[in-house]
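Walk me through this structure, starting at the ligand and moving out along the helices.

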Amino acid sequence: MSGGGRIVTVLGTGIMGSAMARNLLEAGMEVRVWNRTREKAEPLAAEGARVADSPRGAARGADILITMLADADAVERAVGEGVLETLAPGAVWLQTSTVGIEGTRRLQRIALEQGVAYVDAPVLGTREPAEAGELVVLASGPEEVRPDCEPVFEAIGKKTLWVGPVGAGTRLKLVVNGWITGLLGVLGETFALAERLGVDPSSFFEAVEGGPLDLPYARVKGKMMAEREYPTSFSVRLARKDVALILEAAGSLRLPVCEAVAYHLDRAAGAGHAEEDMAALYEGVRAVSG
Ligand SMILES: NC(=O)c1ccc[n+]([C@@H]2O[C@H](COP(=O)([O-])OP(=O)(O)OC[C@H]3O[C@@H](n4cnc5c(N)ncnc54)[C@H](OP(=O)(O)O)[C@@H]3O)[C@@H](O)[C@H]2O)c1
C-alpha cells in the first residue's frame, strides 16, 4: 500500500486537523475530509481536498484514516458510522486525537473488531507547529505498518518517535501534557501574584531573561496573559479534558498541581473563556482572587 496514489482521510478539521490536511495536500496526497460543522472543512476544498458529508463518505476506499477530533467519544461516534468497514483493504488508522489510556483501549478494540491496523499517534505541538508541518508524533503500534505511516508523519511533523505497542504513545503524551499543565498553572499564578504585588510582568521576564528559567513557552503564554488576549491555539475546554485524562491515568497517585490547574481552568471556563486559548487560565486565577 505504500508509495504514491494513496488516499488519506482526515476526520475532524478543527485547529489541528485542518492544518494536518493542508500539509498532506502539500505533500501531494489525495485527501478527503469530514467535519461535523461542514463550513470548517470547506476552505480545504479550494486547496484540493474532497469534502464529504459523512465520515463514511470521506473514508470510502481510503488507505489511511486519520482521526483528529476533540475526544474519544467524538472519535468513537464518527468512526462508528460504518467508517472502518469502508476503508481500502489493508488500510491503517492513525488515531492522533488526545484520548487518554481508557479511550485508546476503547478505540483499539473497535479497530481490532474490524480487522483494521491501529496506530496510537497523539501529537505534540499546537496551532503554529501544526500549520508548519512541525509536529512531533508519538507513535505506537504494529511494526509492520510503519512504512505506510511514514509519508503521512513526514508531511505533518518534524519528528516521529516510535515508542512501542499501542498505548505507549498515549502514555508519553500524558506525561508531556502533565509538564505543560504544570507550567501553565504556575505561570498563571505567577502573573496573578505579580498583579497583586504591583509588579510589571515585563520586569519578571527581564529578571529571568537569557537564563535557564527563560522558557519560550512562558513567553508565548505569558504575552497572552499580560495582554489578556487569548487567540486560540489550544482551548481551555480541551486543556481541561487533558487534565482530566492525566488525573484519571494517575489513579491513586495524587497530583495536586494538576488538580489546582483543573480548578483554575474550571473557573476560566465558568467566566466565559472555554473556547479561548488555555492561557486564559489566568482569568480563572483572577476570578478566584477577586
Ligand atoms: N490544539 C492543540 O494545541 C493540540 C495539540 C495536540 C493535541 N491536540 C488534540 O487534538 C485534538 C483536536 O484538537 P483541536 O485543537 O484541533 O480542537 P478543535 O479545533 O476544537 O477541533 C475539535 C474537532 O472535534 C470535533 N468535534 C468535537 N466534538 C465532536 C463530536 N461530539 N462529534 C463530532 N465531532 C466533534 C470538532 O467539530 P466541530 O468543528 O463541528 O466543532 C472539530 O473538528 C484534541 O484531542 C486535542 O486534545 C490539540
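Which backbone atom lies 2.8 Å from a nitrogen atom of the ligand? The model is a predicted one. In it, a polar backbone atom of Ser 233 sits 2.8 Å from that ligand nitrogen. The protein covers 89% of the 890 Å² of accessible area that the ligand has on its own. Three elements each give two or more residues to the shell around the ligand: helix 1 (15–26), helix 4 (72–79) and helix 11 (236–250). Helix 11 gives the most, with 4 residues.

Two contacts involve oxygen atoms of the ligand. A polar backbone atom of Ile 15 is 2.8 Å from a ligand oxygen. Thr 126 uses its side chain: a polar atom there lies 2.6 Å from an oxygen atom of the ligand. Thr 126 is also among the residues that come nearest to the ligand. The others in that group are Asn 35, Thr 37, Lys 40 and Lys 241, out of 26 residues around the ligand. By class, the shell divides into 9 nonpolar, 10 polar and 7 charged residues.

From Lys 241, step across to helix 8. Leu 174 belongs to helix 8. The C-alpha atoms of Leu 174 and Lys 241 are 11 Å apart, with their positions 67 residues apart in sequence. Is Leu 174 buried or exposed? Its relative accessible area is 8%, so Leu 174 counts as buried. Now take helix 8 as a whole. It runs over residues 168–197, which makes 30 residues. At 1.5 Å a residue, helix 8 should span 44 Å; its end C-alpha atoms are 44 Å apart, so the two values agree. Gly 198 follows helix 8, and its phi is positive, near 70 degrees.

Helix 10 can be checked in the same manner. It holds 12 residues, 216–227. Their expected span at 1.5 Å a residue is 16 Å, and the end C-alpha atoms are 17 Å apart, which agrees. Which residues of helix 10 are buried? They are Ala 218, Lys 221, Gly 222, Met 224 and Met 225. These residues cover an arc of only 155 degrees around the axis, so they lie on the same side of helix 10.

What follows helix 10? Arg 228 does, and its phi is positive, near 55 degrees. Arg 228 has this positive phi although it is not a glycine. The residue lies in the loop between helix 10 and helix 11. Its relative accessibility is 39%, so Arg 228 counts as partly exposed. Thr 232 is found in the loop between helix 10 and helix 11. Thr 232 is buried, because its relative accessible area is 19% and the cut-off for buried is under 20%. Pro 201 is 31 residues from Thr 232 in sequence, and their C-alpha atoms are 21 Å apart.

Next, helix 5. How far apart are its end C-alpha atoms? They are 21 Å apart, and the 15 residues, 100–114, should span 21 Å at 1.5 Å a residue, so the values agree. The buried residues of helix 5 are Gly 100, Gly 103, Thr 104, Arg 106, Leu 107, Ile 110 and Ala 111. Their arc around the axis is only 165 degrees, which puts them on the same side of helix 5. The face turned away from that buried side carries the exposed residues Arg 105, Leu 112 and Glu 113.

Two further positions complete the walk. Glu 81 sits in the loop between helix 4 and strand 5 (92–95). With a relative accessible area of 43%, Glu 81 is partly exposed. Glu 81 and Gly 57 are 24 residues apart in sequence, and their C-alpha atoms are 9.9 Å apart in space. Tyr 263 belongs to helix 12 (residues 256–273). Its relative accessible area is 37%, so Tyr 263 is partly exposed. Pro 212 is 51 residues from Tyr 263 along the chain, and 28 Å separates their C-alpha atoms.

Methods
Residues are numbered from 1 along each chain as its sequence is written. This is a predicted model: local features need pLDDT of at least 70, side-chain atom pairs count only at pLDDT 80 or more; totals for chains, interfaces and linings use all residues. Side-chain values use heavy atoms; hydrogens and water are left out. The expected span of a helix is 1.5 Å times one less than its number of residues. Buried means under 20% relative accessible area, exposed over 50%, partly exposed in between (1.4 Å probe, protein chains only). The arc is that of the directions from the helix axis to the C-beta atoms. A residue is near a molecule or strand if one of its heavy atoms lies within 4 Å of it. A polar contact is a pair of N or O atoms within 3.5 Å; within protein, one must be able to donate a hydrogen and the other to accept it, and residues adjacent in sequence count only if both atoms are side-chain atoms. Accessible areas come from the Shrake-Rupley method with a 1.4 Å probe; for residues, only the protein chains shown count as cover. Ala, Val, Leu, Ile, Met, Phe, Trp, Tyr, Cys and Pro count as nonpolar, Asp, Glu, Lys and Arg as charged, and the others, Gly among them, as polar.
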